[in-house]
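Colleague: I am new to reading protein models, and I would like some help. Could we go through one together, a feature at a time?

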Amino acid sequence: MIRAENIFKSFGDVDVLKGIDFLFERGKTNLIIGKSGAGKTVLLKILVGLFEPTDGHVWYDDIDFCTLNEKQVRDIRMKVGMLFQGNALFDSMTVAENIRFPLDMFTKMTLKEKNTRVDECLAQVSLDGSNNKYPSEISGGMQKRVGIARAIVLNPKYLFCDEPNSGLDPKTSITIDELISSITKEFDITTVINTHDMNSVMEIGENICLLHQGKLAWQGNKSEVLDSDNKTLHDFIFASPFLQRLKDRALNK
Amino acid sequence: MFYKETIRQMYDIGIGSLPIVAIISVFIGAVTAVQISYQLSDAFIPNYYIGYLVRDMMIIELAVTFTCLVLAGKAGSKMAAEIGGMRQKEHIDAMEIMGVNTSSYLVFPKIIAAVFCIPILVFISAIIGIFGGYMATILAGLFKESEYIKGLRAFFDPYNIVLLYVKAVVFSYILTTVSCYQGYFVKGGSIELGQASTRAVVYSDILILIADYVIAVVLTV
Ligand SMILES: Nc1ncnc2c1ncn2[C@@H]1O[C@H](COP(=O)(O)OP(=O)(O)O)[C@@H](O)[C@H]1O
Ligand SMILES: [Mg+2]
């Protein structure tokens, strides 16, 4: 469980987040949604401690992240996996070396143990046998999978994904969503996903936080989305003219 | 990890910069020698003074300043672009999440490599420069070889080597930290990356020249 408490963030005189309170629940796929530029990435990076909030607190269970010293932050980081929007795979390392990186940093496992663990993770993301390829040699969807494998290699308790579907075709998007969702369930972790993809919202939106103009505009789950009369939520969901037309048609019938 | 990265940087900065430093030094030495010989040609000053002056100017000032200004352009801009690119592609964030102290991992190996390699480069540069002066004057027949050699041996003050070393260490520290800083805090996209890399060179150059003056005043006056 992660709790954002009254988070403010400004860059210079630009206020990006203006008091966000939200509870990200364990064993669920928690979604942060909102238009591009709404501050999703900023909020996510505050949650993992890459940005310091201008004001407010981030709680990991009952630990206040903002008061930790370097060593304690490192202990938390051992339990955190993160998938970046651009994957952030190291180009000079092979797939296996990328996935092994957190093991090298945090554990004293032998090389053999590490390699076994890397193989397990590759199998989990259905990439068996891609160990020796370089990130530039595999497709975008496969790179995402490698990113996910790297994020889960330490058996994290918290998983963060920044726009896991960006740049992927709809079908690949869905398999990535399903993968993240099944990992969340299987290991009972607290997963936080940034997205502006409506398919994801409707498929894996178990606990949704809608950001709009720096504030929490709506929260709920996927089954509450269509019944809600929240204007911001509707504007966001039916942003595409196609969906708007479908909706109008359904209402007229 | 630190060790491997430091070796890589040493190779990059040291071996990688040797050709350009060598080329520049030969010419600086040659031009210095020819100019001095021109300026002194009508004066009642013995020819061997030319060897002596070229030697001391190379050791005290020209080798270290030229080498470091050039390295700010070559190695500094590369450091800024490399670190800046990692920042923009979120590699730095990813490393932080995976328990790497990125500010030290990305900066320390470069400082160590620079502070170790650049003084050696500067020393080589001084020697090549003196050799360049020799070639330019002797081969052009401006005066006798023995006079140049006599000049090289005259009035040698080991303290000047200390001066070279102090300057080289300070300048390398400046160019590495300034360049890494520019890269580490880059924002935006490729335009900002280009600007950061330019700033790395310009700021390093200016600070190196200021430091040069300060060191000259403090250590020699
Ligand atoms: N490091 C930064 N410095 C200054 N402004 C930033 C920085 N990161 C993000 N911003 C600003 O914060 C706002 C939200 O950005 P972001 O969180 O990336 O949006 P998104 O919801 O698309 O992920 C944007 O207006 C962006 O310009
Ligand atoms: Mg974003």
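Modeller: Happily; we will look at the fold of one chain, then at helix packing, and then at the contact between two chains. Keep in mind that this is a predicted model.

Colleague: Let me start with the overall layout. How many helices and strands does chain B have?

Modeller: A good habit is to list the elements in order from the N terminus. Chain B has seven helices and zero strands, so its order reads α-α-α-α-α-α-α. For the overall extent, look at the box that its C-alpha atoms fill, roughly 70 × 30 × 30 Å along the principal axes.

Colleague: Now I see helices lying against each other. At what angle do H2(B) and H6(B) pack?

Modeller: Two numbers help here: the angle between the axes and the distance between them. Helix H2 of chain B (residues 48–88) and helix H6 of chain B (residues 159–184) pack at about 20 degrees, with axes 8 Å apart. Because angles under 35 degrees count as roughly parallel, H2(B) is roughly parallel to H6(B). The crossing of H2(B) past H6(B) is right-handed. Sorted by class, this contact has 17 nonpolar, seven polar and four charged residues.

Colleague: H2(B) also touches another helix. What is the angle between H2(B) and H4(B)?

Modeller: The angle is about 145 degrees, and the axes of H2(B) and H4(B) (residues 102–139) are 8 Å apart. H2(B) passes H4(B) in a right-handed crossing. The residues in the contact of H2(B) with H4(B) are 16 nonpolar, three polar and three charged.

Colleague: Let me try chain A. Which residues of H3(A) meet H5(A)?

Modeller: Begin with the geometry again. The axes of H3(A) (residues 95–106) and H5(A) (residues 140–152) come within 7 Å and cross at roughly 30 degrees. That makes H3(A) roughly parallel to H5(A). From H3(A) come A:Val95, A:Asn98, A:Ile99 and A:Pro102, which meet A:Val146, A:Ala149 and A:Arg150 of H5(A). Five of these residues are nonpolar, one is polar and one is charged. Here, too, the crossing is right-handed.

Colleague: Next, the place where the two chains meet. How many residues does each chain bring to the contact?

Modeller: Chain B gives 13 residues and chain A gives 21. You can also ask how much surface is hidden: the chains bury about 1400 Å² between them, 66% of it on carbon and sulfur atoms. On the side of chain B, B:Glu90, B:Ile97 and B:Met98 lose the most area to chain A, together 46% of what that side buries.

Colleague: Some charged residues are there as well. How many salt bridges does the rule find across the interface of chain B and chain A?

Modeller: Side chains of opposite charge can pair when their charged atoms come close. Across this interface the rule finds four salt bridges, while the count over all chains comes to 23. A:Lys45 pairs with B:Glu90, with the closest N and O atoms 2.9 Å apart. This pair runs from helix H1 of chain A (residues 40–47) to the loop between H2 and H3 (91–97) of chain B. A:Asp91 and B:Lys89 also meet in a salt bridge, at 3.4 Å from N to O.

Colleague: So B:Glu90 appears twice, in the buried area and in a salt bridge with A:Lys45. Thank you!

Note on methods: Residues are numbered from 1 along each chain as its sequence is written. Chains are lettered from A and ligands numbered from 1 in the order in which they are written. This is a predicted model: local features need pLDDT of at least 70, side-chain atom pairs count only at pLDDT 80 or more; totals for chains, interfaces and linings use all residues. Side-chain values use heavy atoms; hydrogens and water are left out. Axes are lines fitted to C-alpha atoms, for helices over the stretch in contact, and angles run from 0 to 180 degrees between N-to-C directions. Helices (H or I, at least four residues) and strands (E, at least two) are DSSP runs, numbered from the N terminus. Angles under 35 degrees count as roughly parallel, over 145 as roughly antiparallel, 65 to 115 as roughly perpendicular and the rest as oblique. A crossing is left-handed if the near helix is turned anticlockwise from the far one by less than a right angle, and right-handed if clockwise. Contact means heavy atoms within 4.5 Å. Ala, Val, Leu, Ile, Met, Phe, Trp, Tyr, Cys and Pro count as nonpolar, Asp, Glu, Lys and Arg as charged, and the others, Gly among them, as polar. Buried area is the accessible area (1.4 Å probe) that two parts lose on being put together, summed over both. A salt bridge is a side-chain nitrogen of Lys or Arg within 4 Å of a carboxyl oxygen of Asp or Glu.
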